[in-house]
Amino acid sequence: MAGAEEQRFDYIIVGAGSAGCVLANRLTEDPSVKVLLLEAGSRDNSLLVRMPAGVGTLIKGKNPQNWAFTTEAQGHLNGRKLYWPRGKGWGGSSSINGMVYIRGHGRDYDQWRQMGLDGWGYADILPYFKRSETLETGADDYHGGDGPLHVSTGKSTNPLYGALIEAAVAAGHQRTPDFNGRQQEGFGPYQLTIKDGERWSASFAYLKPVLDRPNLFPRTHAHTTRLLIEDGRCIGVEYAHDAKSPPVKVFASREVLVCTGAVQSPQILMLSGIGPAAELQRHGIPVVVDSPDVGRNLQDHLDVLLLQECTQPITAWSLNKGFKQILTGLNYALRKQGLGRENFLESGGFARSREGLDRPDLQFHFVNALVQDHGNVSAERDGFSLHVCQLRPESRGEVGLTSPDPFAAPRIDPNYLATDEDRRALRQGLKMARDIFAAPPLAPYRGPEFKPGAAVVSDDEIDAYIRATAETIYHPVGTCRMGTDPASVVDGELKVRGVAGLRVVDASVMPTLIGGNTNAPTMMIAEKAADMIRGRAAPAPVEVELA
């Protein structure tokens, strides 16, 4: 047990994920403050974390880096309970994700500004994206050149990634060299959080370089059980190593910063008495602040897959089957060479499912493998996949409690496909994916359609396939919504309404889901929050052109 003098800090950060690692770095730049970083999981020392190809194993099921949650039965998805991987340990979900660097469309953030959230428009937040980033090809109007997060383009020589782009262009889509630049719409190479063949998670970028700072105190296997609130102020945190261990109390003289993501941040607030009064009373939790929107407004990208057999042995199955998989791991572990350096996801695109939209509402991820059930089901044949997800779903779900036990998993109900528009967009996206796979540039590699299969043609048949197979693509947000209205959970400075000394800093504060992968935006939010917390002036807005 640490001594009493070690139990008081200026700031306590709950969660060493994508946001928590950023805050740990930026707040400890001030040597006069002491920062405690609490993480329920372990350090991220696994070879599977460091090796980009390890994503295929980490994402599949419960492991030291993955909470592996399960949703409630989904009424519009044939009553299925969906598997929800979420990152655990240093780096959080940035340690198990696909390493795709996407910021979303600039108009997503302008929409936040139009909702009254001053300082959150694209011109305002672009400097924070740039501050966080080192783009390997150099800085420009849209990209940074000296930030902690290394961003690269894929290095694979496999011809399928380029063929996918050419097939999309042949099918009528635009070509886009940089999804994070002037024009998001179109198809092209993905930018990746990979540096010199290693996953460049938030932990590698922000936390590990500053572990020698004497004012940073990281603790692992420290599961937060509740926030300590006295007289309307959050004064600290209670945590335990496991359900059988005695709780430990630690105190913050300035602020507590909750950074545990869209699933667990609302859970921690509710366990601490901040949330919908009826929900708290149902579980015997005293109500500190009746905040009815805690856990509400859950949004996520639902994903459907088009699977195509490949006529050539150049996909992940042939390249890694049997003993080859062991050789891939050894080659990477000993020499940091070979297929272990790849994420098998190096191209994709954005498109509009209908006329009249001001930005793309569909995203496509191309994978050099037949991906089924998060990689848990193997087709044992060569093939490639095109993930199709709707970027701005109308459906809203919620996160609640299953128990007052802080070690119990929360209740997750995304309420997928609750509207006609959501169903139409995914259906149209699958049709567009088929048009791309049918284009001539993929002819040298194209075998039969594996799923849904050539017999699935009508809208009703496509809808049935979506209901039976659609899954998350891992982008939940919104459950501690930022807003200017009294019902919002946090204000524009991410301060929790009704409790002093407490902020939420992670993807849960997004009022609306952005159009793309959510890891880079979460780190941007933390970069901006660090300035707010330290009382530093925000950088001057940067106006750039958007297509």
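In the predicted model, helix α1 spans residues 18-27, and ten of its ten residues are buried, so the helix is largely enclosed by the rest of the structure. The buried residues of α1 are S18, A19, G20, C21, V22, L23, A24, N25, R26 and L27. One of these, R26, also belongs to a salt-bridge network, which is taken up further below.

Surface exposure of nonpolar side chains was examined next. A nonpolar patch on the surface is formed by F323, I326, L327, L330 and L334, and together these residues have about 540 Å² of accessible area. Within this patch, L327 is found in helix α11, which covers residues 323-335. The relative accessibility of L327 is 43%, and the residue therefore counts as partly exposed.

Internal space was then considered. Rolling a probe the size of a water molecule over the atoms shows where empty space is left. Two cavities of 30 Å³ or more are present in the structure. The largest cavity has a volume of about 90 Å³. Its lining consists of L298, Q299, D300, L302, Q390, P393, S395, P414, Y416, L417, D422 and L426. Sorted by class, the residues around the largest cavity are seven nonpolar, three polar and two charged. The charged residues are D300 and D422.

The second largest cavity holds about 70 Å³ of space. It is lined by R103, G104, H105, G106, Y122, F179, N180, G181, R182, Q183, Q184 and L546. Here the classes are three nonpolar, seven polar and two charged residues. One of the lining residues of the second largest cavity, G181, can be used as a reference point for R411: the two are 230 residues apart in sequence, and their C-alpha atoms are 38 Å apart in space.

Open pockets were treated separately from cavities. The second largest pocket contains about 320 Å³ of space. This pocket is lined by 23 residues, of which K155, S156, R341, E342 and E346 are the closest to its centre. Strands β6 (149-153) and β9 (194-195) each supply at least two residues of the lining. The most is given by β6, with three residues. By class, the lining of the second largest pocket has five nonpolar, eleven polar and seven charged residues.

Charged contacts form the last part of the analysis. Side chains of opposite charge can pair when their charged atoms come close. The structure holds 35 salt bridges. In one of them, the side chains of R254 and D10 meet, with a distance of 3.5 Å from N to O. This pair links distant parts of the chain, since R254 lies in strand β14 (residues 248-258) and D10 in strand β1 (residues 8-14), 244 residues apart. The two partners can be compared with the cut-off for burial, under 20% relative accessible area. With 37% relative accessibility, R254 counts as partly exposed, whereas D10, at 13%, counts as buried.

A second salt bridge joins R411 and E398, whose closest N and O atoms are 3.0 Å apart. Because R411 lies in strand β22 and E398 in strand β21 (residues 398-400), the pair ties together parts that are 13 residues apart in sequence. Strand β22 itself covers residues 411-413. With a relative accessibility of 19%, R411 counts as buried. Its partner E398 has a relative accessibility of 26% and counts as partly exposed.

A third salt bridge is formed by K431 and D459, with the closest N and O atoms 2.7 Å apart. Here K431 lies in helix α12 (residues 420-437) and D459 in helix α13 (residues 459-469), so the pair ties together parts that are 28 residues apart in sequence. Both partners fall in the partly exposed class, K431 at 29% relative accessibility and D459 at 34%. Beyond these separate pairs, salt bridges that share partners join R26, E29, R131, E527, D531, R534 and R536 into one network. Through R26, a buried residue of α1, this network includes a member of the helix described at the outset.

Definitions and conventions
Residues are numbered from 1 along each chain as its sequence is written. This is a predicted model: local features need pLDDT of at least 70, side-chain atom pairs count only at pLDDT 80 or more; totals for chains, interfaces and linings use all residues. Side-chain values use heavy atoms; hydrogens and water are left out. On a 1 Å grid over the protein atoms alone, a cavity is a set of points where a 1.4 Å probe fits but cannot get out, and a pocket is an open set with protein on both sides within 12 Å along at least five of seven lines; lining residues have an atom within 4 Å of a point. Grid points are joined across faces, edges and corners, and a volume is the space filled by probe spheres set on the points. Buried means under 20% relative accessible area, exposed over 50%, partly exposed in between (1.4 Å probe, protein chains only). Helices (H or I, at least four residues) and strands (E, at least two) are DSSP runs, numbered from the N terminus. Patches are made of residues with over 30% relative accessible area and no salt bridge: like charges are joined within 9 Å, nonpolar side chains (Val, Leu, Ile, Met, Phe, Trp, Tyr) within 5 Å. Accessible areas come from the Shrake-Rupley method with a 1.4 Å probe; for residues, only the protein chains shown count as cover. A salt bridge is a side-chain nitrogen of Lys or Arg within 4 Å of a carboxyl oxygen of Asp or Glu.
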